[in-house]
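Work through three short exercises on helix packing and ligand contacts. Each task is followed by its solution.

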Amino acid sequence: MTADDAPSKSIDSDEPETAAADERIYHLDGELVPASEATVSVDDRGFRYGDGAFETLRAYGGQLYEWGAHADRLEATCDAIDLAHGLSRTELRQRIEATLAANDLVDAYVRLSITRGVQPGKLTPQPVTDPTVVVMVKPLPRGGLEGKPVWDGPATLQTVKRRRIPDDALPADAKTHNYLNGILARTELHDADEALVRDLEGYVAEGATSNVFFVDEEGLHTPTTETDVLPGITRRVVLDLARKAGIPTHEDWYRPIDVRQADEVFLTNTTWEVRPVATVDAIDLEGEYGDDDTTDGPPVTTLLAKLYDERVERRCYSD
Ligand code: PMP
């Protein structure tokens, strides 16, 4: 297990455990190839400059969860970095489905990457004539409430000094190959699983690879997407579920103290789903996950995790 989905202290990736990676089949530029042969040029702009867009998705029961939302965000990323790759959503989806089928996978982690490819010249991008398009998949059991989540326990969260790159410098809603901001945030962690990253003005933005939520007497809170935050797809689903469950939701500007003083805190991303937080800056949250862990867990987080799981069930496992 690695960073995006396990309580590991590593910073290396947002991918689940890699078992027998070389036996898997990936999709590279229109062809299904063994993972060990899925290589791109050292001149690829994705390698040279981080000049690429990607999405991390999950397949549950053979269904690509929230495909439309991921395809929309990929499109937004490509628009933001002016990467006109020329592939339709249908084509991209077919490539993902072909890769899952080739690996005989129904419950999987999926990563779809598109770069500007190899181009003549240096930094200035040219019109894209030969993008690099890669689909990687890995087995990822459903988890959910009945199964084993990808993480081993509630997360520990630490406010870091590193600030989120402002939207004016790099569009915050673009999910690009350049994750140095998150990597540097994670390198500051001492014995914590995820970084609490602020914007330049000190408002809470998000985690290195997750969105942050907290609960207090007013309801559920998460930083507004007007701050420098990647609009997570899990974030949107969770807000929707909370509203439907009658939980008051607030998207606003917050300071780390608001998170520290909350009754409950949790993180969301595609692989973690809803991951409870036990401590923020080494402070226990209201004892929910303290040393004496005799409760059934934080009530709102537990409810939302259950509703999330039921939604996965409805969308992907019932006919
Ligand atoms: N913020 C950042 C910086 C991320 O990398 C991720 C993971 N993609 C998220 C938030 C959560 O997004 P999602 O729910 O779409 O996985």
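**Exercise 1. Classify the packing of α2 and α3.**

Solution. α2 and α3 are oblique to each other, because their axes come within 11 Å and cross at roughly 120°, and an angle that is not under 35 degrees (roughly parallel), over 145 (roughly antiparallel) or 65 to 115 (roughly perpendicular) counts as oblique. Helix α2 covers residues 67-80 and helix α3 residues 89-102. The crossing of α2 past α3 is right-handed. α2 contributes Trp67, Gly68, Ala71, Asp72, Leu74 and Glu75 to the contact, and α3 contributes Arg89, Leu92, Arg93 and Ile96 (heavy atoms within 4.5 Å). By class, that is 5 nonpolar, 1 polar and 4 charged residues.

The model is predicted; local features need pLDDT of at least 70, and side-chain atom pairs count only at pLDDT 80 or more, while totals for chains, interfaces and linings use all residues. Numbering runs from 1 along each chain as its sequence is written, and side-chain values use heavy atoms, without hydrogens and water.

**Exercise 2. Do the same for helix α5 (residues 233-244) and helix α7 (residues 299-317).**

Solution. Their axes come within 10 Å and cross at roughly 105°. α5 is therefore roughly perpendicular to α7. Thr234, Val237, Val238, Leu241 and Ala242 of α5 meet Leu304, Leu307, Tyr308 and Arg311 of α7. The classes are 7 nonpolar, 1 polar and 1 charged.

**Exercise 3. Which residues around the ligand come nearest?**

Solution. There are 15 residues around the ligand (a heavy atom within 4 Å). Lys175, Tyr179, Glu206, Thr234 and Thr270 come nearest. Next, the N or O atoms. A side-chain N or O atom of Thr270 is 2.7 Å from a ligand oxygen. For the side chain of Arg73, the distance is 2.8 Å. Ile233 uses a backbone N or O atom, 2.8 Å from a ligand oxygen.

Methods: Axes fitted to C-alpha atoms, helices over the stretch in contact; angles between N-to-C directions. Helix = DSSP H or I, 4+ residues; strand = E, 2+ residues; numbered from the N terminus. Left-handed = near helix turned anticlockwise from the far one by under 90°. Nonpolar A, V, L, I, M, F, W, Y, C, P; charged D, E, K, R; others polar. Polar contact = N/O pair within 3.5 Å; in protein donor to acceptor, adjacent residues only side chain to side chain.
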